[in-house]
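Biologist: Please take one part of this model and look at it closely, then follow the thread outward to whatever else seems worth seeing. Keep it informal, but give me the numbers.

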Amino acid sequence: MRGALATSAERPSPDRLSRTVPLKWYLVGLAVGTLLPVVVFAGIVLARLAEEERSELLAELEQDARALTGSLDREMAASVRALQALGESDRLDRGDLAAFQEEAQRVLRTEPSWLRIHLLSTDGHQLVNTRFGLGPNLPPDLDPESLRQAVDSGRPEVGTLFRMRDGERWAFSMRVPVVRNGEVRYVLSALTTPEAIRDLLGEHVSSHPEWTRTVLDRRAVVAGRTSESGGALGQPAPAALITNLGAAPEGVFRNASPSGERTYVAFSRSSLSGWACAVTIPADALDGAARRSLLAIAGTGLVLLLVSAAGALWMSRRLSRGIASAAASADALAHGGRPGPTRSSIAELRHLGAALEGSAELLRAREEERDQHLAQAQALRREAEDANRTKDEFLAMLGHELRNPLAPIFTALSVAELRGQPPTAEHAVIRRQVEHLARLVDDLLDVSRITRGAVELRLGRIEIAPVVDRAVEMAAPLLELRRHHLKVEVPEDGLAVLGDEVRLAQVVSNLLTNAARYTPPGGHIRVQAEGEGERVALSVTDDGVGLAPELLGRVFEPFVQGPRTADRRESGLGIGLTLVRHLVELHGGGAQARSEGPGKGSTFTVWLPRAPQDAPPAPPRDARRPRPTATPLRILVVDDNPDAAELLTSLLTAVGHDVLMAHDGPGALAAIRGFTPDVAVLDIGLPVMDGYELAARIRE
């Protein structure tokens with residue numbers, strides 16, 4: 001390359017090259033200057049380790065609160081099971097309360113944490129009290145709220161802490177409803193003192209005795225604490241703890257005690273009783289050591305940073321000049337200029353400058369080549385777009401032009417039938433072939449509409465069954481002609497989709513027609529439909545010629561057809577399946593073809609989304625079709641095609657109407673001066689004035 005070579009004037013002399021120093025030695029010096037910050041990195045790692053240790057301790061704090069809650073649940077669950085076993089006593093069924101009291105006394109002796117056992121009615125009256133006995137004069141219960149909850153829920157409940165009648169001791173109740181025949185008959189209660197909770201807390205003091213553990217009832221009142229339990233019992237929990245208990249079943253948060261001491265609090269709420277356990281640790285125990293380590297590391301790091309910065313500054317002065325020169329060359333290259341010579345004592349930077357000059361020459365050559373290729377690609381793309389647009393316009397024009405001669409032929413056959421001419425085999429052949437040609441023309445027009453985005457769907461909630469029935473009716477002549485055995489397995493209801501009934505019938509009819517064409521006479525065709533979650537799948541399966549693997553991926557493309565066979569009396573243009581795919585995609589669905597190979601049949605499946613339950617039904621297609629009338633009408637027929645105009649006039653005259661014919665707009669306006677038509681049938685593409693203008697003039 002021209003830019004990769006240096007002239008004799010630009011090439012450095014051997015003496016100057018001998019004085020250059022390889023870049024690696026500069027990097028070695030730079031590494032020495034940057035080695036000191038590695039110490040800072042080590043300090044960061046140590047701080048990170050301290051933070052991880054703190055996180056592990058917080059996790060252990062939360063785990064301790066969770067374990068304490070689990071122990072509390074086990075104790076309360078054991079008491080509940082004991083009460084439930086007592087509640088199964090048959091003495092209650094017999095109403096023998098005295099015998100039940102004796103049994104309760106025996107159970108009470110086995111539960112050292114219980115003060116007494118109560119049996120209460122659902123309205124709160126004590127019936128049995130292991131301390132006061134029986135009778136209507138028993139004192140009222142001191143925790144009516146938990147009693148009401150047990151009656152309402154029919155499940156065991158644990159009450160809240162309350163003072164006993166002596167005003168000194170604290171207690172709480174565990175309630176178990178006694179259910180008979182699905183109805184709560186009694187509530188069995190065990191009165192328990194917080195001493196049992198204190199014993200439970202003592203079991204957890206062995207690990208981390210400096211931690212403070214607290215048990216709270218469902219109102220967040222202290223029921224037990226490992227320190228200052230006497231003064232704290234019955235006191236509400238700190239506001240921050242109450243707030244966090246209401247927000248989540250468990251967690252860890254930072255708090256400040258009333259004395260100002262910062263603490264971490266882990267809590268866990270019991271799903272069985274609604275009680276909660278909290279574990280508190282001073283914040284300094286977690287944060288103090290890490291904070292002191294970080295301060296020491298920060299001071300050391302600052303000193304090291306100043307030292308390394310001074311060394312790096314001295315080293316960078318020698319590097320910056322060469323790098324700046326290379327950067328200027330690169331910047332010039334980026335802006336399309338020619339890089340200048342790189343002035344540096346570093347050999348690698350000198351070589352970099354020479355490489356940039358060579359790159360500039362190569363880049364300019366590549367840009368010229370790219371511009372040429374881009375211009376060619378754009379020209380080819382415009383040609384392809386023009387060819388595709390011309391093809392679409394030709395198909396649309398071809399479809400419309402082919403329809404013009406078809407209409408007179410159909411009309412001529414209808415006129416012959418109305419005149420009573422006996423049908424002949426030739427007439428049947430003409431009608432059948434014209435109908436086939438009309439289907440081909442309709443397919444061409446549909447492809448043109450889809451290409452231009454002119455297909456309008458009249459969507460509504462419809463069942464698949466009537467769509468399939470309509471499609472079978474449309475494909476019946478071809479199926480009967482080839483003596484196929486058709487089997488339809490479609491439920492009458494339950495498979496509603498949001499779609500256009502006519503277009504979906506066209507989809508199924510095209511699939512049936514395709515199966516009939518590629519299945520030998522006497523073959524079997526099956527139509528199935530079933531729900532698949534949020535969509536409906538409809539498949540058409542045949543035992544015909546099948547599809548080769550290379551054709552499966554292209555079968556829905558326009559004008560792609562399978563191999564033609566000698567027994568195919570009906571042929572198409574290869575656009576039926578293309579219409580299937582496009583129409584199904586317009587409905588928000590998809591289509592797929594499957595075949596095990598040639599001679600093994602094929603299956604075509606389409607998927608459609610299910611219709612919502614509140615979707616409106618499909619509008620009727622024939623809502624605006626005029627009904628036949630027996631009253632003769634005055635009809636104006638205007639068409640510049642003489643054959644079409646005369647045959648339509650003959651047809652309308654044959655059925656009893658008074659018909660006036662014209663071939664252009666001015667002639668029609670002149671003719672109706674003495675003839676006021678009831679109906680006007682106008683061709684749109686008329687000479688002089690089109691059908692729209694003529695219609696407006698007639699209305700005037």
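Modeller: Let's begin with a yardstick: the expected span of a helix is 1.5 Å times one less than its number of residues. Helix α4 (residues 97-110) has 14 residues, so it should span 20 Å, and its end C-alpha atoms are indeed 20 Å apart. Bear in mind throughout that this is a predicted model.

Helix α12, residues 464-481, is the part I'd linger on. With 18 residues, α12 reaches 26 Å from its first C-alpha to its last, close to the 26 Å expected. The end-to-end figure isn't the whole story, though, as α12 bends by about 55 degrees at Ala475. A proline, Pro477, follows the bend within four residues.

Next, what is tucked away. The buried residues in α12 are Ile464, Ala465, Val467, Val468, Ala471, Val472, Ala475, Ala476, Leu478 and Leu479. Ala475, where the helix bends, is thus among the buried ones. There's a general point behind a list like that: an α-helix has 3.6 residues a turn, so residues three or four places apart point the same way.

Where does that buried material go? The largest nonpolar core has 40 residues, and those with the most contacts inside it are Ile464, Leu511, Leu512, Leu538, Val540, Val580 and Phe604. Two or more residues each come from α12, α13 (501-517), β16 (524-532), β17 (535-542), α15 (576-586) and β19 (602-609). The largest share, nine residues, is given by α12. As background, nonpolar side chains in soluble globular proteins tend to be buried together.

Ile464 deserves its own moment. This residue lies in α12, and its relative accessible area is 4%, so it counts as buried. Its C-alpha is 8.6 Å from that of Leu538, although the two residues are 74 apart along the chain. Both Ile464 and Leu538 are on the list of residues with the most contacts in the core.

Just after α12 comes Arg483, which takes a positive phi of about 55 degrees. Arg483 sits in the loop between α12 and β14 (485-489), and is exposed at a relative accessible area of 51%. For a second residue with a positive phi, try Ala220: its phi is near 65 degrees, and it isn't a glycine either. Ala220 is in the loop between β8 (212-216) and β9 (222-225), but it counts as buried at 7% relative accessibility.

That β8-β9 loop also holds Arg218, whose side chain meets that of Glu157 in a salt bridge (3.2 Å, N to O). The pair links distant parts of the chain, as Glu157 is in strand β4 (residues 157-158), 61 residues from Arg218. Arg218 is partly exposed at 28% relative accessibility, while Glu157 is buried with a relative accessible area of 12%. Elsewhere, Glu62, Arg66 and Glu250 are joined into one network by salt bridges that share partners. A search of the whole structure finds 14 salt bridges.

Back to α4, where we came in. Its buried residues are Ala99, Phe100, Gln101, Glu103, Ala104, Val107 and Leu108. Glu103 is the one to click on: its side chain and that of Arg91 meet in a salt bridge (3.0 Å, N to O). Arg91 is in helix α3 and Glu103 in α4, twelve residues apart. The cut-off for buried is under 20%, so Glu103 qualifies at 16% relative accessibility, whereas Arg91 counts as partly exposed at 25%.

Helix α3 (residues 90-94) also has a salt bridge of its own, between Arg94 and Asp90, four residues apart and about one turn of the helix. Their closest N and O atoms are 3.3 Å apart. Arg94 is exposed at 53% relative accessibility, and Asp90 is partly exposed at 41%.

One last stop, on the surface: Phe41, Val45 and Leu49 make a nonpolar patch of about 280 Å². Phe41 lies in helix α2 (residues 23-87) and counts as exposed at 53% relative accessibility.

Note on methods
Residues are numbered from 1 along each chain as its sequence is written. This is a predicted model: local features need pLDDT of at least 70, side-chain atom pairs count only at pLDDT 80 or more; totals for chains, interfaces and linings use all residues. Side-chain values use heavy atoms; hydrogens and water are left out. The bend at a residue is the angle between axes fitted to the seven residues ending there and the seven starting there. Buried means under 20% relative accessible area, exposed over 50%, partly exposed in between (1.4 Å probe, protein chains only). Patches are made of residues with over 30% relative accessible area and no salt bridge: like charges are joined within 9 Å, nonpolar side chains (Val, Leu, Ile, Met, Phe, Trp, Tyr) within 5 Å. Accessible areas come from the Shrake-Rupley method with a 1.4 Å probe; for residues, only the protein chains shown count as cover. A salt bridge is a side-chain nitrogen of Lys or Arg within 4 Å of a carboxyl oxygen of Asp or Glu. A nonpolar core is a set of buried Ala, Val, Leu, Ile, Met, Phe, Trp, Tyr and Cys residues joined through side-chain atoms within 4.5 Å.
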